[in-house]
Amino acid sequence: MITFDHTTKTYEGDVTAVKGVDFTVEKGDIVVLLGPSGCGKTTLLRMVNRLESITDGKIIIDGQDSMDLNQIELRRKIGYVIQSNGLFPNMTIEENVMIVPDMLGWGKKEKKERFNKLMEMIGLSGDKFGKRYPHELSGGQQQRIGVIRALAADPPVMLMDEPFGALDPIIREKIQDEFLQIQREVKKTILFVSHDIDEAIKMADKIVLLRGGEIMQYDTPSEMLVRPKSEFVYEFFGKDRAIKSLSLHTIENLKNIIGLAEFDESIPDTKTINIHHDLRNTLSMLLNQEADQVIVTDDAGNKQGAITIDLVQKYLHYEIKGKTNVVQKG
Amino acid sequence: MEKWMKFLEVNAPRILDLTIEHAVLVGLAILVALLIGIPLGIYLTTNDYLAETVLQIASVMLTIPSIALFGVMIPIFSIINQGIGFVPAFVALVLYSQLPIIRNTYTAIRNVSPEMRDAAKGVGMKTHQRLLRVEIPNAFPVIMAGIRTAVVLNIGIGVIAAYIGAGGLGVLITQGISRGDNYLIISGSVAVAILAMIADAILLWIQKRYTPKSIA
């Protein structure tokens, strides 16, 4: 758990980057710091492991004031992932991943076991990649290594500064999914900086939307889309907010509220889609296929019904727009 | 050609002795210069204001003609009865090698990418761990390039040291000039050139051997 208690950062010359921020990241949650550039999100993140000093207020990590801890020990207890992966080019993959356990004085055997387990988590062979150097890996692989390096000593808290920002969209999506999978297993308390609204909606349990160093809204992604507290929040998520919010709902949700359509066996070559897919992807599939319907299957592969563009639209209307309490433009 | 053979037959042992003397003078001077220059270069990366000043002083040092600097050393070291010979030559060579060593160390460490430095801090490295494990290994090729420049520079300047009685290959050249003996001048010059090339080749080998493969 991380608690920000009136946390403030002022630079010389009276530039205030973070203004009295109060919020709590619950244990095991991913909280995404989102906002336009210069909103103070990275500064706020870096104050947690004291790469930036705290001018005023406190940051409390698992009940302990971060200023009471030795700076070096504090950092070793917090996993840190940055955009440019930050791997050390002069060290092998194994040395890179095991850097914190190494500094903490773990035994050789213990380190080896941990390394292999971490590599398994991201689907890479420890034996094959351990002795290689970072530049011999692809961008996506390097970023995965960056993530497991942060997990190496099993820290309770992780800080991620636009960790997937430098990757191409396809790889990014894949690593996001992979990371969410890992997070379900390890349940870290994570503070995650992003400037990508879609990424924030996808990754976050809660989003902190910042502007000019102040919190505009702290809420779950769906609340923020459906009930923006101010015009800024409304504008920030943009006109396609309804479509964005679709990614928070699955076909199963739709089925439970309005039900699926009967599928028409007479149409040849109909595609199928798993019921756990989110509606945003489903919609783009429907549009790309130029198909009237896509057959929905459950995990066992049984046909549950069919989904159509009309159904998505209907669901959007009832479930999302119906709840929206939009701040009217003045 | 026959004259050359005869000359070398008579003078080879002496040329070899002087070469060794030259190498020892330059080698010791470089060693001390490294002990001063590298820590200083690293320290300067943490103090921009001082860095400017020190690098300027080192630059000025390099513009002083070597013969003048050796001359200046004589009265200074006369105070401790070491006016001529090894000591003033040694000190002058240490001063001359400072600029390439300090500047390259400073630049190399400064140029370690901020992300990498950030990552090193972020994983909880102490300052010395960051230097030894990350910054110096990644700065190594540029630091070595500075050392190689300093060594070759010093082997050349070391010739002048003969004028203040420090010995070395300069002895052959100065004698050759005063006696009008071309054999002495040429053999001294060629020996200096060969010494410089060998030293540089060895250092290049070390540089390649110990540069992390991934940043070469």
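Okay, so let's start with helix α6 of chain B, residues 127-157. It has 31 residues, and a straight helix at 1.5 Å a residue would reach 45 Å, but here the end C-alpha atoms are only 37 Å apart. Where does α6(B) bend? At B:F140, by about 60 degrees, and there's a proline, B:P141, within the four residues that follow. Keep in mind, by the way, that this is a predicted model.

Let's stay with chain B for a moment. How many helices and strands does chain B have? The count is 8 helices and 0 strands. If you walk along the sequence, you just get α-α-α-α-α-α-α-α. The C-alpha trace of chain B spans about 70 × 40 × 25 Å along its principal axes. Of its 216 residues, 36% count as buried. And if you take the contacts in chain B between residues at least 6 apart in sequence, 75% of them join residues at least 24 apart.

Now over to chain A. Here we get 15 helices and 13 strands. Its radius of gyration is 22 Å, and the globule rule gives 20 Å for 330 residues, which is close, so chain A is as compact as a globular protein of that length. Along the principal axes, its C-alpha trace spans about 65 × 55 × 30 Å. Buried residues make up 38% of the 330 in this chain. For the contacts in chain A between residues at least 6 apart, 68% join residues at least 24 apart.

Next, the inside. In soluble globular proteins, nonpolar side chains tend to be buried together. In this model, the largest nonpolar core has 117 residues. Which residues have the most contacts inside that core? They are A:V32, A:L33, A:L191, A:F192, B:A89 and B:L93, so you can see names from chain A and from chain B in that list. The element that gives the most to this core is helix α4 of chain B, residues 86-110, with 12 residues.

Click on A:F192 if you've got the structure open. Ignoring neighbours within four places in sequence, A:F192 is in contact with A:I30, A:V31, A:V32, A:L33, A:M160 and A:M203. There's also a second, separate core of 15 residues, and A:I275, A:L286, A:V294 and A:V296 are among them.

Let's look at the start of chain A. Strand β1, residues 2-11, and strand β2, residues 15-25, run antiparallel and are joined by 7 bridges. As an example, A:T7 stands opposite A:V21 in β2(A). The two strands form a hairpin with 3 residues between them, and A:G13 in the turn has a positive phi of about 85 degrees.

That one's a glycine, but what about positive phi in other residues? Take A:R50, where phi is near 60 degrees. A:R50 lies in the loop between α1 (41-48) and β4 (56-61) of chain A. Then there's A:E162, with phi near 40 degrees, again a positive value in a residue other than glycine. You'll find A:E162 in the loop between β7 (157-161) and α8 (169-186) of chain A.

Is A:E162 buried or exposed? It has 20 C-beta neighbours inside 10 Å, and 20 or more is what it takes, so A:E162 counts as buried. A:R50 has 19 other C-beta atoms within 10 Å, so A:R50 is partly exposed.

Definitions and conventions
Residues numbered from 1 in each chain as written. Chains lettered and ligands numbered in written order. Predicted model: local features only at pLDDT ≥ 70, side-chain atom pairs only at ≥ 80, totals over all residues. Rg over C-alpha atoms; globule rule 2.2 N^0.38 Å. Buried ≥ 20, exposed ≤ 12 C-beta atoms within 10 Å, placed from the backbone. Contact = placed C-beta atoms within 7 Å. Expected span 1.5 Å × (residues − 1). Bend = angle between axes of the 7 residues up to and from the residue. Core = buried A, V, L, I, M, F, W, Y, C linked by C-beta atoms within 7 Å. Pairing = 2+ DSSP bridges.
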